[in-house]
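The following exercises ask the reader to work from a structure to a description of its parts. Each task is followed by a solution in steps.

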Amino acid sequence: MNRTVLIVGLFLATAVVGVLFLGLGKDPQRIDSPLIGRTAPSFALREAGTGDTIALEQFRGKPVVLNFWATWCAPCYEEHPILVANARRLGSQAQFVGVVFQDTEEKILKFLRDRGSAYPTVVDDAGKTAIAYGVGGVPETFFLDADGTIVAKHDGPVSTELLQANLVKAMQR
Amino acid sequence: MSTRHLAVIGALLLTTALPLPAQPDPPPAPHVPDASQFVGQPAGAPLEGAALDRRTSEVSALLRCPVCQGLAVADSPAEMAVNMKGQVRELLSRGYTEEQILSYFEQSYGQFVLLRPKFEGLNMLVWLFPVIVLILGAAIVWVKVKKLEKGPARPPVQAAVAEEDPYLARVRDLVGGGKP
């Protein structure tokens with residue numbers, strides 16, 4: 001009997017430790033997007049400053065870097081110059097689009113005036129676009145191929161290396 | 001018909017024959033991603049009034065607020081959660097069912113957004129493990145009790161030892177005045 005209890009106890013303890021090991025070994029902030037490999041949800045939103053409607057579909061034919069950000073997000077200040085520099089460097093090879101949510105147009109325009117801009121920034125008023133893309137916190141960046149399929153997603157501020165690696169992935173498809 | 005009339009008719013014909021200047025494409029109509037892109041058309045009846053309020057709370061209670069620590073969308077004051085709750089309400093008012101709405105959020109955020117894990121894959125452990133442990137515990141207790149019931153009754157060793165213990169006998173003698 002004691003031997004049976006020992007074996008069952010060891011089995012249960014191993015199972016619990018295994019589950020905890022698997023769970024604790026993961027970064028809880030990093031959640032793989034189920035949208036990867038799927039067509040990016042379609043949207044047409046108002047551009048900050050001009051009021052023009054910018055549709056995601058109008059950029060079909062080249063890779064798109066879709067960056068969700070906000071002026072109240074500290075890491076967004078860190079990554080903005082990197083995004084602007086890379087958008088300028090890549091020119092027509094890739095299209096960068098900023099999507100701002102939970103923010104005001106006044107603050108967005110001041111941010112862009114102070115820190116420069118090289119690509120359109122659209123306003124997601126009710127946050128519905130962010131919800132459709134499964135955005136939890138900002139910044140989050142999606143990389144779309146020329147067909148509009150999401151090939152990668154990054155949570156947190158981007159670096160030049162990360163942008164290049166994911167754009168290569170987007171261009172290879 | 002005068003020459004002047006002929007000239008006017010000729011000018012009109014020439015105008016209609018000429019290709020029109022290319023019109024620029026009309027600007028795209030503003031829109032946000034719609035649930036129909038994920039889960040198709042509504043499969044239920046549109047809700048309104050008190051029923052809409054009640055179902056909004058119920059369905060929002062099944063969704064995790066992505067920017068909170070373990071809070072349901074229904075309970076969180078975060079702007080993201082408020083937006084999600086608003087979307088749940090809108091979808092219910094359009095006739096989307098609870099299953100469709102949960103599926104829509106799951107397709108955007110993954111299973112992380114569901115507060116009640118689905119009964120599939122590793123998730124099954126969450127549901128089955130407590131039951132398995134309970135059954136095993138009950139089985140161990142049952143076997144132990146059965147064994148105790150079947151086992152031979154042990155003689156009252158302690159009592160016998162106590163009777164023969166000379167020190168205890170001496171104490172009894174002292175306390176009881178030597179009476180047995």
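**Exercise 1: The neighbours of strand 1**

Strand 1 of chain A is joined by two bridges to strand 5 (residues 121-124) of chain A, and the two run antiparallel. The model examined here is predicted.

Task: Determine which residues stand opposite Arg46(A) in strand 5 and in strand 2 of chain A.

Solution.
1. On the side of strand 5 of chain A, Arg46(A) stands opposite Val123(A).
2. Strand 1 of chain A also pairs with strand 2 of chain A, in the antiparallel sense and over three bridges. In strand 2 of chain A, Thr53(A) is the residue opposite Arg46(A).
3. Strands 1 and 2 of chain A form a hairpin with five residues between the strands. Gly49(A) in this hairpin takes a positive phi near 95°.

**Exercise 2: The sheet as a whole**

Task: State the order of the seven strands in the open sheet of chain A, and explain why one side of strand 2 and of strand 7 is left without a neighbour in the sheet.

Solution.
1. The order of the strands in the open sheet of chain A is 2-1-5-4-3-6-7, and the pairing is mixed.
2. Strand 2 (53-55) and strand 7 (150-155) of chain A stand at the edges; each has a single partner strand, so one side of each lacks a neighbour in the sheet.
3. On average, neighbouring strands of this sheet are turned by 30° against each other, direction ignored.
4. As a general point, strands of a sheet pair through backbone hydrogen bonds, either parallel or antiparallel.

**Exercise 3: Strand 6 and its surroundings**

Task: Establish how strand 6 of chain A pairs with strand 3 and with strand 7, and whether the residues on its two faces are buried or exposed.

Solution.
1. Strand 3 of chain A is joined to strand 6 of chain A by five bridges, and the two run antiparallel. Within this pair, Glu140(A) is the bridge partner of Phe68(A).
2. Strand 6 (residues 140-144) of chain A pairs with strand 7 of chain A over five bridges, in the antiparallel sense. Here Phe142(A) stands opposite Lys153(A), and Phe143(A) stands opposite Ala152(A).
3. The hairpin of strands 6 and 7 of chain A has five residues between them, and Gly148(A) in the turn has a positive phi of about 90°.
4. Five of the five residues of strand 6 of chain A are buried. Glu140(A), Phe142(A) and Leu144(A) lie on one side, with Thr141(A) and Phe143(A) on the other, and both faces are covered.
5. Helix 5 (residues 160-172) of chain A lies across strand 3 (64-69), strand 6 and strand 7 of chain A. Helix 5 runs at about 165° to strand 7 of chain A.

**Exercise 4: Chain B and the contact**

Task: Describe the make-up of chain B, and identify which elements of chain A each supply at least two residues of the side that touches chain B.

Solution.
1. Chain B has eight helices and zero strands. Buried residues account for 17% of its 180 residues.
2. Among contacts in chain B between residues at least 6 apart in sequence, 56% join residues at least 24 apart.
3. The contact between the chains takes 29 residues from chain A and 26 residues from chain B.
4. The elements of chain A that each supply at least two residues are helix 1 (2-24), strand 1 (44-47), strand 2 and helix 4 (128-132).
5. By class, this side of chain A has 17 nonpolar, eight polar and four charged residues.

Conventions: Residues are numbered from 1 along each chain as its sequence is written. Chains are lettered from A and ligands numbered from 1 in the order in which they are written. This is a predicted model: local features need pLDDT of at least 70, side-chain atom pairs count only at pLDDT 80 or more; totals for chains, interfaces and linings use all residues. Two strands pair if DSSP finds at least two bridges between them. Helices (H or I, at least four residues) and strands (E, at least two) are DSSP runs, numbered from the N terminus. Axes are lines fitted to C-alpha atoms, for helices over the stretch in contact, and angles run from 0 to 180 degrees between N-to-C directions. Two residues are in contact if their C-beta atoms, placed from the backbone, lie within 7 Å. Ala, Val, Leu, Ile, Met, Phe, Trp, Tyr, Cys and Pro count as nonpolar, Asp, Glu, Lys and Arg as charged, and the others, Gly among them, as polar. A residue is buried if 20 or more other C-beta atoms lie within 10 Å of its own, exposed if 12 or fewer, and partly exposed in between; C-beta atoms are placed from the backbone.
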